[in-house]
Amino acid sequence: MTVIEMSDATPPEASGGQVAVSLRRAHSRIGLQAESWSGQLHTGVDLGTATCVLTVVDDTGEAVWVDTNATAALRDGVVVDFTAAVAAVRTLKRDAEAALGVELEHAATAYPPCVGEADSRACRFVLESAGFDQIAMLDEVSAANRTLGIRDGAVVDVGGGSTGVGVFSGGELRALDDRAGGGYHLDLIVAGAMGISVPEAERLKHESPETVTTVLRPGIERVAESIRDLTTGWEALDVHLAGGALMLPGMDSTLAARLGRSVHAYPHALLITPLGIARSAP
Ligand SMILES: Nc1ncnc2c1ncn2[C@@H]1O[C@H](COP(=O)(O)OP(=O)(O)OP(=O)(O)O)[C@@H](O)[C@H]1O
Ligand SMILES: [Mg+2]
């Protein structure tokens with residue numbers, strides 16, 4: 001098995017419109033493969049807290065296949081259920097190969113900013129055990145920026161469990177860190193405030209988001225304070241939101257008001273990091 005450490009170099013700047021088009025295309029590829037593609041295929045596996053996402057892109061970087069698997073194999077960036085994670089990735093790999101009619105041998109995966117060498121190695125072992133043989137590794141905020149292409153800005157990935165923040169200036173990654181706090185913590189707030197279970201809170205967030213936005217305000221403000229702390233000295237930079245947790249109406253404006261900064265949201269934001277991981281794959 002070959003391990004490739006990826007550089008932090010930012011790809012050429014893409015316009016917000018181009019990013020949105022790529023994300024909408026990726027969303028349309030969930031469980032529905034492209035009929036044709038350009039050149040080689042590249043596979044990314046996002047081992048998230050809430051979901052595992054396998055994304056395949058072609059040489060143009062556009063998605064040809066996307067599939068997700070709900071697995072609680074990771075917590076706080078740590079692989080807590082290795083067997084479940086391997087089984088999830090193996091299933092995602094097999095289904096992608098069946099849909100596309102090709103064998104996917106190589107892949108990239110990403111680890112949260114604060115995860116050390118040992119835990120990031122565990123992510124790599126998951127892919128290796130699932131049958132991939134050449135594996136590229138990068139941090140998930142740099143992966144998100146492979147999709148967004150931000151040269152000067154703060155890229156913020158608010159996932160199921162954590163808020164990862166990367167500061168990019170002149171196309172270089174200048175600061176990288178994360179804090180606890182994501183969609184799961186928002187579920188806890190909704191459950192506590194409304195006297196319902198956490199799974200019911202998760203369902204409510206999806207089915208009638210307008211009923212939870214007021215209750216979630218303190219949770220969003222906490223995310224804003226994490227972003228403020230992790231971008232000290234870089235207050236002039238715009239904030240770009242990746243990850244699923246803030247895909248609720250008005251979250252970007254709540255953050256913008258609290259931070260006093262421009263905040264950019266993107267459609268299907270939970271696909272930003274998975275798409276970027278695939279674009280980083282060998
Ligand atoms: N439409 C939606 N509205 C609100 N929240 C959503 C929506 N879709 C997903 N989420 C939330 O997004 C979270 C999952 O986001 P994402 O897939 O980015 O996380 P992850 O990558 O699995 O986690 P992490 O990066 O923290 O390990 C879940 O907590 C879920 O509640
Ligand atoms: Mg994630």
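**Figure 1. The two domains of the protein.** In this predicted model, the protein is divided into domain 1, which takes in residues 2–146 together with 270–279, and domain 2, which covers residues 151–267. The C-alpha centres of domain 1 and domain 2 lie 22 Å apart. Where the two domains meet, 26 residues from domain 1 and 27 residues from domain 2 take part in the contact.

**Figure 2. The side of domain 1 that touches domain 2.** On the side of domain 1 that touches domain 2, the elements that give two or more residues are α1 (16–28), α4 (140–148) and α9 (272–279). Sorted by class, this side of domain 1 has eleven nonpolar, eight polar and seven charged residues.

**Figure 3. The surroundings of ligand 1.** Ligand 1 is surrounded by 23 residues, and the closest of them are Gly 48, Thr 49, Gly 159, Gly 183 and Gly 244. Two elements, α5 (183–194) and α6 (198–207), give two or more residues to the shell around ligand 1, and α6 gives the most, with three residues. The shell around ligand 1 also draws on both parts of the protein, with at least three residues from domain 1 and at least three from domain 2. By class, the shell is made up of eight nonpolar, twelve polar and three charged residues.

**Figure 4. Strand β12, covered on both faces.** Strand β12, which spans residues 239–242, is covered on both of its faces. On one side of the strand, Val 239 and Leu 241 are buried, and on the other side His 240 and Ala 242 are buried as well.

**Figure 5. The pairing of β12 with β9.** Strand β9 (residues 153–158) runs parallel to β12, and four bridges join the two strands. One of the residues to look for in this view is Val 156, whose bridge partner in β12 is Leu 241; Leu 241 is also among the buried residues of β12.

**Figure 6. The pairing of β12 with β13 and the crossover between them.** Strand β13 (residues 263–264) is likewise parallel to β12, and two bridges join these strands. Val 239 of β12, which is buried, has Val 263 as its bridge partner in β13. Between the two strands, the chain leaves β12, passes through helix α8 (residues 251–259) and arrives at β13, forming a β-α-β crossover that is right-handed.

Note on methods
Residues numbered from 1 in each chain as written. Chains lettered and ligands numbered in written order. Predicted model: local features only at pLDDT ≥ 70, side-chain atom pairs only at ≥ 80, totals over all residues. Buried ≥ 20, exposed ≤ 12 C-beta atoms within 10 Å, placed from the backbone. Pairing = 2+ DSSP bridges. Right-handed = clockwise from strand over helix to strand, strands pointing away. Near = placed C-beta within 6 Å. Nonpolar A, V, L, I, M, F, W, Y, C, P; charged D, E, K, R; others polar. Domains from an automatic or database assignment. Contact = placed C-beta atoms within 7 Å.
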